[in-house]
Amino acid sequence: MKSPYFMSYGLIAIGLLHNLVGLLMGWEVLTAMHQDGWFASTIKQDMMLFDREAIVWFLVCGSLFILLGCVLKHMQQHDVPLPGLLCPALFTLGLIIVIIMPLSGGYLLILLALVPSITRLRYRKSSHL
């Protein structure tokens with residue numbers, strides 16, 4: 001089965017949304033990091049500043065979702081099928097996120113992981129008519 005476009009575009013959209021939320025919610029922290037000159041701005045007096053560490057990792061995760069979506073899009077353009085582990089891994093990751101943080105975007109990962117299965121079920125039902 002050819003890699004569906006929605007998986008690549010879904011991951012890119014989740015990454016963009018993740019970074020947008022990070023920029024909006026972390027703007028004050030990012031501004032403070034900028035005022036400190038960025039370099040080693042997550043550490044002061046040998047202590048980690050967790051709000052700064054968190055926003056950096058939040059934005060890195062969003063960027064990685066965008067990168068993964070771009071890789072999947074490239075694979076699809078070259079007729080390379082999705083790795084079989086991708087959907088179960090996204091589902092598991094989303095489930096862990098939802099369990100730990102119920103008010104999060106983990107539901108988007110779960111939904112994105114389930115779409116290929118739902119699509120296959122709908123295709124099977126319509127092909128039997």
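This section describes the fold, the helices, selected residues and the largest pocket of a predicted model.

The protein has 129 residues, of which 29% are buried. Its secondary structure consists of five helices and two strands, and these elements follow the order α-α-β-β-α-α-α along the sequence. Among contacts between residues at least 6 apart in sequence, 61% join residues at least 24 apart.

Two of the helices were examined for length and burial. Helix 1 covers residues 5–25. Its 21 residues should span 30 Å at 1.5 Å a residue, and this agrees with the computed separation of its end C-alpha atoms, which is also 30 Å. The buried residues within helix 1 are M7, S8, G10, L11, I12, I14, G15, N19 and G22. Helix 3 covers residues 50–77. For its 28 residues a span of 40 Å is expected at 1.5 Å a residue, and the end C-alpha atoms of helix 3 are indeed 40 Å apart. Buried positions in helix 3 are R52, E53, I55, L59, G62, F65, G69, L72, M75 and Q76; charged side chains are represented in this list by R52 and E53.

Several contacts link helix 1 to helix 5. L112 is located in helix 5 and, with a relative accessibility of 9%, falls below the 20% limit and therefore counts as buried. When residues up to four places away in sequence are set aside, L112 touches F6, M7, G10, L11 and I14. Of these partners, M7, G10, L11 and I14 are themselves among the buried residues of helix 1. L112 also lies 7.9 Å from L90, C-alpha to C-alpha, although 22 residues separate the two in sequence.

A further set of contacts involves helix 4, which contains G94. The relative accessible area of G94 is 0%, so this glycine is buried. Beyond residues up to four places away in sequence, G94 touches G106, L109 and I110. Helix 5 comprises residues 106–127, and the C-alpha atom of L111 is separated from that of G94 by 8.7 Å, with the two positions 17 residues apart along the chain.

The loop between helix 2 and strand 1 holds two residues of note. Helix 2 runs over residues 27–35 and strand 1 over residues 43–44, with S41 in the loop between them. S41 has a relative accessible area of 4% and is therefore buried. Its contacts, not counting residues up to four places away in sequence, are with M33, D36, L49 and R52; R52 is one of the buried residues of helix 3. W38 is placed in the same loop, between helix 2 and strand 1. At 44% relative accessibility, W38 lies between the limits of 20% and 50% and so counts as partly exposed. The phi angle of W38 is near 65°, a positive value in a residue other than glycine. Most residues other than glycine have a negative phi.

A positive phi is also found at D79, a residue other than glycine, where the angle is near 55°. D79 comes just after helix 3 and belongs to the loop between helix 3 and helix 4. Its relative accessible area of 53% is over the 50% limit, and D79 is therefore exposed.

The largest pocket contains about 400 Å³ of space. Its lining is formed by 15 residues, and H18, F58, S104, G105 and G106 are those that lie nearest the centre of the pocket. G106 is also one of the residues that G94 touches. Helix 1, helix 3, helix 4 and helix 5 each supply at least two residues of the lining, and helix 1 gives the most, with four. In character, the lining divides into 11 nonpolar and four polar residues, with no charged residue. Domain 1, residues 1–78, and domain 2, residues 83–119, both contribute to this lining, and the largest pocket therefore lies between the two domains.

Methods: Residues numbered from 1 in each chain as written. Predicted model: local features only at pLDDT ≥ 70, side-chain atom pairs only at ≥ 80, totals over all residues. Heavy atoms only, no water. 1 Å grid on protein atoms, 1.4 Å probe; cavity = no way out; pocket = protein on both sides within 12 Å on 5 of 7 lines; lining within 4 Å. Points joined across faces, edges and corners; volume = space filled by probe spheres on them. Domains from an automatic or database assignment. Expected span 1.5 Å × (residues − 1). Buried < 20%, exposed > 50% of the residue type's maximum accessible area, 1.4 Å probe, protein only. Contact = heavy atoms within 4.5 Å.
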